[in-house]
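Please open the model in your viewer and follow the stops below in order.

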Amino acid sequence: MDDIVRQAIAKWPNVPDCYGWLGLDARGNWYMRDDRAQAAGPFGGTPGLDAARNAASKGSLLKHDKLIDFIQRNYESDAAGQWFFQNGPQRVYVELEATPLIWRVGAAPVFEVTSHTGQTARPQRCIVDESGRVYLETDLGFGLVHTQDMTHAADAVEQGLWVPEESPAGDLPSRFGYVRSPQALQKI
C-alpha cells in the first residue's frame, strides 16, 4: 500500500466504503462503473440479456496507466474475501467478472506466472471448470489464466508441471474464499 494512502487513512479514519463503482474483468482490465452502468445490471452481465446491455453494465474501460498502476498497488482483500482498492481513506470494493487475480503465463520452459497487478506468483494447484477455463491457486491467491495464455498453460499441463483438478465454476468463490460482488452482499 502506498504511504500516501496510509496517511490518508490515519487522517480520515471514518470514510464510508464504496460499492459497485469499480470492476475487474476476466482479462485483468479495470472498469469505472457510473450510475448508468450499475443500473444496466451486474458487472459480469446477466445470462439471457442482450450483449449491448451486458456491455453497458461493465462501464468505462480505464486506460490511464498511472491510475491503473495506483489501483493495482493498492488492491487487497478483506477478511471476508471481498477485494477492494484502497483509494486514500476510502475502500472501493471491486466487482469481479471472474476471479480476484488474472494470471499471465509465460512460455516454456519457465512458465512464469504473473498477476494482472504485475506480481510474480508460484503455482500450487491447477483447476479446470466445466467450460474448460483454467485457474491457478498460487502463493498470492486464486485467479483465472488469461485467455491469451491458454497455450502456455496447456504446455505446462502436457509437461506434467500442472495437474488439473476439475471443479464447477460456481463452487470456486466459496472454495477459494473470494466474493465476486461485494455490492450484492450490501443488498442482502
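Buried here means under 20% relative accessible area, exposed means over 50%, and partly exposed lies in between, with a 1.4 Å probe and protein chains only. This is a predicted model, in which local features need pLDDT of at least 70 and side-chain atom pairs count only at pLDDT 80 or more, while totals for chains, interfaces and linings use all residues. Residues are numbered from 1 along each chain as its sequence is written, and side-chain values use heavy atoms, with hydrogens and water left out.

Begin with the whole protein chain, where buried residues make up 44% of the 188 residues, and where the C-alpha trace spans about 50 × 45 × 30 Å along its principal axes.

Next, select F142 and Y178, which are both buried. Their ring centres are 5.9 Å apart and their planes meet at 20 degrees, so the pair is stacked (rings of Phe, Tyr and Trp, the last by its six-membered ring, pair if their centres lie within 6.5 Å, and planes under 30 degrees apart count as stacked, over 60 as edge-to-face and the rest as tilted). Add Y135 and F176 to the selection, and you have the cluster that ring pairs form with F142 and Y178; in total, the structure holds 10 aromatic pairs.

Finally, move to F84 and select R91, which lies over the face of F84 at 4.0 Å from the ring centre; a charge sits over a ring if NZ of Lys or CZ of Arg is within 6 Å of the ring centre and within 35 degrees of the ring normal.
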